[in-house]
Amino acid sequence: MDSLIPFTTSGSLVDCVDRKMLVILRDGRKLHGVLRSYDQFANLVLEDTVERIYHENLFAESWHGLFLIRGENVVLLGEIDLDREDEIPLRQVEHHELEPFHKRDIELKKHNDDAKAQILYERKGFCKEGGEGDGY
């Protein structure tokens, strides 16, 4: 049966359907959900989706439900091992408790990335191409 599936990027996702997945997007968001469908462009449909934010050993979740992801925005797609998921030493807190720390972390990362880009431009001759989310 597997020989009938062409070996393409999206064809290799057939074994991931109906499994809990982690998807990291170009803008840095981390989504957890059950992969229900995909197409030849690696557009994904996740069910029971939550977005997780992290800070140190804490995490918080925001419910999104059914989520459609355009394939060009996917940086990483990986299956979550349900047997080992609870072994991770993180503590869940409410989203509103963690959000200020998460926003500060994002601003700090943006500031550091801008400083690196400026140094690469001035000292090494790199251009300042790319837009938001093109860090990958």
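## Phe59 and its surroundings

In this predicted model, Phe59 has a relative accessibility of 8%, and because this falls under the 20% limit, the residue counts as buried. The ring of Phe59 takes part in the one aromatic pair that the structure holds; the partner is Tyr54, with the two ring centres 6.4 Å apart and the planes at 40° to each other, an arrangement classed as tilted. The angle is what decides the class, because planes under 30 degrees apart would count as stacked and planes over 60 degrees apart as edge-to-face.

The two partners differ in how far they are covered, since Tyr54, at 27% relative accessibility, counts as partly exposed, whereas Phe59 counts as buried. Phe59 also has a charged neighbour: the charged end of Arg52 sits over its ring, at 4.2 Å from the ring centre.

## Overall architecture

The protein chain contains 1 helix and 6 strands, and read from the N terminus the order is β-β-β-β-β-β-α, with the helix coming after the strands. Of the 136 residues in the chain, 24% are buried. The chain exposes about 10100 Å², and carbon and sulfur atoms supply 52% of that area. Where contacts between residues at least 6 apart in sequence are considered, 50% of them join residues at least 24 apart.

## Nonpolar cores

Which residues make up the largest nonpolar core? This core has 11 residues in all, namely Leu13, Cys16, Met21, Val23, Leu25, Leu31, Leu35, Leu44, Leu46, Phe67 and Ile69. At least two residues of the core come from each of strand 1 (20-25), strand 2 (30-38), strand 3 (44-55) and strand 4 (58-69), and strand 1 gives the most, with 3 residues. A second core, separate from this one, has 5 residues, among them Ile53, Ala60, Val93 and Leu98.

Cys16, a member of the largest core, is in contact with Met21 and Leu35 once its neighbours within four places in sequence are left aside.

## Helix 1 and the residues after it

Helix 1 covers residues 95-124. Its 30 residues should span 44 Å at 1.5 Å a residue, and the distance of 41 Å between its end C-alpha atoms agrees with that expectation. Ala117 is found in this helix, and because its relative accessibility is 37%, it counts as partly exposed. The C-alpha atom of Ala117 is 6.9 Å from that of Lys128, a residue 11 places away in sequence. Just after the helix, Gly125 takes a positive phi of about 80°.

## Loops and backbone angles

Where do the positive phi values occur in residues other than glycine? One is at Asp18, with a phi of about 70°, and this residue is placed in the segment before strand 1. Another is at Ala42, where phi is near 65°, and Ala42 lies in the loop between strand 2 and strand 3. As a general rule, most residues other than glycine have a negative phi, and it is for this reason that such positions may be noted when the backbone is inspected.

The loop between strand 3 and strand 4 holds Glu56. Is Glu56 buried or exposed? Glu56 counts as exposed because its relative accessibility is 70%, a value over the 50% limit. Although Glu56 and His102 are 46 residues apart in sequence, their C-alpha atoms are 10.0 Å apart in space.

Note on methods:
Residues numbered from 1 in each chain as written. Predicted model: local features only at pLDDT ≥ 70, side-chain atom pairs only at ≥ 80, totals over all residues. Heavy atoms only, no water. Phe/Tyr/Trp six-rings, centres within 6.5 Å; stacked < 30°, edge-to-face > 60°. Buried < 20%, exposed > 50% of the residue type's maximum accessible area, 1.4 Å probe, protein only. Lys NZ or Arg CZ within 6 Å of the ring centre and 35° of its normal. Helix = DSSP H or I, 4+ residues; strand = E, 2+ residues; numbered from the N terminus. Contact = heavy atoms within 4.5 Å. Areas by Shrake-Rupley, 256 points an atom, 1.4 Å probe, with all protein chains shown as cover. Core = buried A, V, L, I, M, F, W, Y, C linked by side-chain atoms within 4.5 Å. Expected span 1.5 Å × (residues − 1).
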